[in-house]
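Student: Could you take me through this structure slowly, and tell me for each term what makes it apply?

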Amino acid sequence: MKRLLQAWRRPTPLAASLVCLALAIVPAVADSEWVTFCITLMNLMVLAYSLNMVVGLIGYLDFGHVVFWGLGAYVAGGLVKAQGGPIGFHPFFLVPFSGLVAAAFALAIGFPALRIRGAYFAIATYSINAGVQTVFFNWNALGGSEGLPLNRYLLEYPDKVTPTYYVLVISLFLAFWTFYGILKGRAGYGLRAILNDEDVAQTMGVNTTAYKIAMYALGAFFAGIAGGTWGLFQNFVDPENFRISVSVDLFVIMMLGGVGTALGPLVGGAIFYFVRDLLMIRFPHLHLVFFGTVLVIVVLGLPGGLVGTLREWRPRWRRVLE
Amino acid sequence: MELTLITQAVINGVLIGSVYGLAALGLTLVWGIMDIVNIAHGEFILLGAYLTFVLYNLPGGGVSPLLALLIAIPAGALVGQLVFTGLLRRVLGRSGLTTLLLTFGISICLNNILLNVFSPDVRTVRWAGGSLLLGPLVVPISRLIALGLVLVMSGVLFAFLQRSYTGKSIRAVMQDREAAASLGINIRGVLGIAFVIGTALAFVAGVLLSIVIPFAPATALPYSITSFVICVVGGLGRPLGALLGGLIVGLVENFTGTFISQAYTPAAVSVLLITFLLLRPAGLFGWTTR
Amino acid sequence: MSAGPLLELDGVTRRFGGLTAVQGVSFQVVEREIVGLIGPNGAGKTTLFNVITGVYRPQEGQVRVRGERIDRLSPHRIAGKGVRRTYQVVRPFGDMTVLENLMVGALFGEDRDVDAAERRVREIAAFMGLKGREEDLARNLNLGEKKRLEIARALVANPSLLLLDEALAGLTPREIDAAVGLIGRIRSELGKTIVIVEHVMRAIMAISDRIVVLHHGEKIADGTPQAIRADRAVIEAYLGESA
């Protein structure tokens, strides 16, 4: 704990905290377009942190990570609908439930799934996401393939933007500090050991099963929170919340920023979103080709992403950029 | 009544499953020898399908899918060679994450190029329409032809792997890379050839799929997933396993579709995959370690 | 000092399919002893280590540490009982620095606190001759340094029992002499109990208090180095292999 408080002075957490502070002020100084822009951006960043916990910290390729985002959305939507009429309290207080349910799901499938490694795990998570999407596609009480509009249940709370914005800023702040705290503490060493050589880590006393499941659930929690917030923000949940393109975007962000780094999601998220916005306007149909190419180039040339590569460049930067 | 339903499901499962099996053959070869999972596999299959489509719809009569099959082989080989020398070769030594992301990126690019060139519309190649009617059972002729072609192509592949020097080298490298190297086999070269053959097989499978079921850029991912599942079920690097795995998946799909609901087929295939991953990760014919 | 032996193997048998790697092996190791484990290739030595550390479960027999049965525990639990090992083919955490490698060992050994762990780690690094190399990535070390890192990584956990698997393989004669001296000091200065698997005969004869000989998975001899040197069964086992 003491170390964590000392950590404020390090450049990385300081920078991240300033970014969150800057984001918090945006609604007061900028117009609604920027606010919406930042909402989408923060959603991506929180998701990137959540995925980074699984891919970056334990090295497991979670291609189906979007399932937690979708689950979060449906939990929020489902709870709102279950109430029927007026809720009595602000719906955004339901968001933590989204996170908890997603984490519970991760715990349930984590036990069998995390025994599988490498490409098999990636395919398995993809399959699980597809399976869950099918379930919601056929769940007519929650809208089935058409989706569930939430407007009628939330008439008392017309302003979705403000609470969404602040929930996301807080979530981003928490996501960063959770990630950073783990990275720098005892857990970080255990996780990196698992990343390097899982079998050796075990014989050194690292309870690999516990660590893997904990990170998977933690990642699911943050993804669930982002999903619940997004569902409420959009006033709508549907099976598209499980679309795989979200996972694609997240991987591009992580690779761009640097897998396993604390700054990666922020850097990658910002670049990705700005560039994508630009590209979408100019080349609405080809932007995915562009991102596929970017992924290929980054994999071949910049495997550590921007932050990772900069760290390798100068040893001194290794201490500054984490 | 029930018996008819079951028999029809079996027939459907076997017919489509054989083509699935061929589709997975290329993937299992590449995966077994290089430990590279080609996420773009579905896109390669699609390329074969679209190639057939374009040739079939050429003005002035069009080209028969049988001819397209013969063209698909060198076309697929060429694409495979380009991808291998241009991209894959550079990441051969690196971690699983790296290679997966590379093929992931390739898959995204290819998929979107296809999306832009051909639009998201679903296509078919209507050739050899009609079906054989055996009492209450329906056997589409196109699928019967596809089955025949699968058998022919598999036979050719097996003969190649068993008899030819290159084929034997491939099997050797798959079993024990170091031993093969010490026998003077050019490992890099063999890996390249395996990938080229794998891609050509994917193209051929695409040709066959195009005459059997509708396709679109969106179907690339399901093709990939089906092929992966088959590889896991059959065992990596085991061609016979791939064919058998294909039949199993085809049967699972059809039985689920007939007796539960068409909508739940992806879920059923997922369950099959996870079951194998947990209980027998090496697959039916795979080598078990420990 | 406790009364009973630190490590006890009692009729340990481990099979792999049709192959029996280890058959009914029993022996004891008391505290602060250095026991050498030798035998021709394929005798089952590394398998025995894998059984002790929990990577494999024995189909028959028991493994006990301080009287407590450990053969049914998972590897990380056994590590928690104070058992550490090195590997025949070194397996350092390549993408981490020397310091980070050692920190893993310490933080999952006796120290929970990062600062205390770091102090211990730097001490052991110096003891093992790795001072000055702390910030280098593990994969950039030469073989001798990597071997010392393996041992150091085990030591920083302050284990009761240290299992060294062919720690001397691939070293030059001078490095071997230095390593032998180091291992001796690990026992005398740090008070560790050591079981060492080795092929370099002169080294293991010099350093072991007692030697256990395995052949085709069975124990064929157990005694002092002098007794072993003269033992017929042992000589035949080795000669039989080379003849």
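**Contacts, core and sheets**

Tutor: Leaving aside residues up to four places away in sequence, A:Leu295 touches A:Val252, A:Met255, B:Leu101, B:Phe104, B:Gly105 and B:Ile108. This is a predicted model, in which local features need pLDDT of at least 70 and side-chain atom pairs count only at pLDDT 80 or more, while totals for chains, interfaces and linings use all residues. Residues are numbered from 1 along each chain as its sequence is written, and chains are lettered from A and ligands numbered from 1 in the order in which they are written.

Student: What makes two residues count as being in contact?

Tutor: Their C-beta atoms, placed from the backbone, must lie within 7 Å. By that rule 21 residues of chain C are in contact with 17 residues of chain A. Helix 3 (98-107) of chain C gives the largest share of the side of chain C that touches chain A, namely 5 residues, and the residues of that side divide into 10 nonpolar, 6 polar and 5 charged. In this count Ala, Val, Leu, Ile, Met, Phe, Trp, Tyr, Cys and Pro are nonpolar, Asp, Glu, Lys and Arg are charged, and the others, Gly among them, are polar.

Student: Why is a set of residues called a nonpolar core?

Tutor: The name is given to buried Ala, Val, Leu, Ile, Met, Phe, Trp, Tyr and Cys residues joined through C-beta atoms within 7 Å; buried means that 20 or more other C-beta atoms lie within 10 Å of the residue's own, whereas exposed means 12 or fewer, and partly exposed is in between. The largest such core has 283 residues, and those with the most contacts inside it are A:Leu295, B:Val19, B:Ala194 and B:Leu208. Helix 8 (residues 187-212) of chain B gives the most to this core, with 18 residues.

Student: How do you know where this core lies with respect to the domains of chain C?

Tutor: Domain 1 (1-82 + 161-243) and domain 2 (90-158) of chain C both give residues to the core, so it lies between them; the domain bounds come from an automatic or database domain assignment. The C-alpha centres of these two domains lie 24 Å apart, and their contact takes 7 residues from domain 1 of chain C and 6 residues from domain 2 of chain C.

Student: What makes two strands of chain C a pair?

Tutor: DSSP must find at least two bridges between them, where strands (E, at least two residues) and helices (H or I, at least four) are DSSP runs, numbered from the N terminus. Strand 4 (residues 60-65) and strand 5 of chain C pair in the antiparallel sense over 2 bridges, which meets the requirement of at least two. C:Arg64 stands opposite C:Arg69 in strand 5 of chain C. Strand 7 of chain C is joined to strand 8 (residues 193-197) of chain C by 5 bridges, and these strands run parallel.

Student: Why do strand 2 and strand 5 of chain C stand at the edges?

Tutor: In the open sheet of 4 strands, with the order 2-1-4-5 in chain C and antiparallel pairing, strand 2 (19-29) and strand 5 (68-69) of chain C each have a single partner strand, so one side of each is left without a neighbour in the sheet. Another open sheet of chain C has 6 strands in the order 6-7-8-3-9-10, with mixed pairing. There strand 6 (83-85) and strand 10 (218-223) of chain C stand at the edges, each with a single partner strand.
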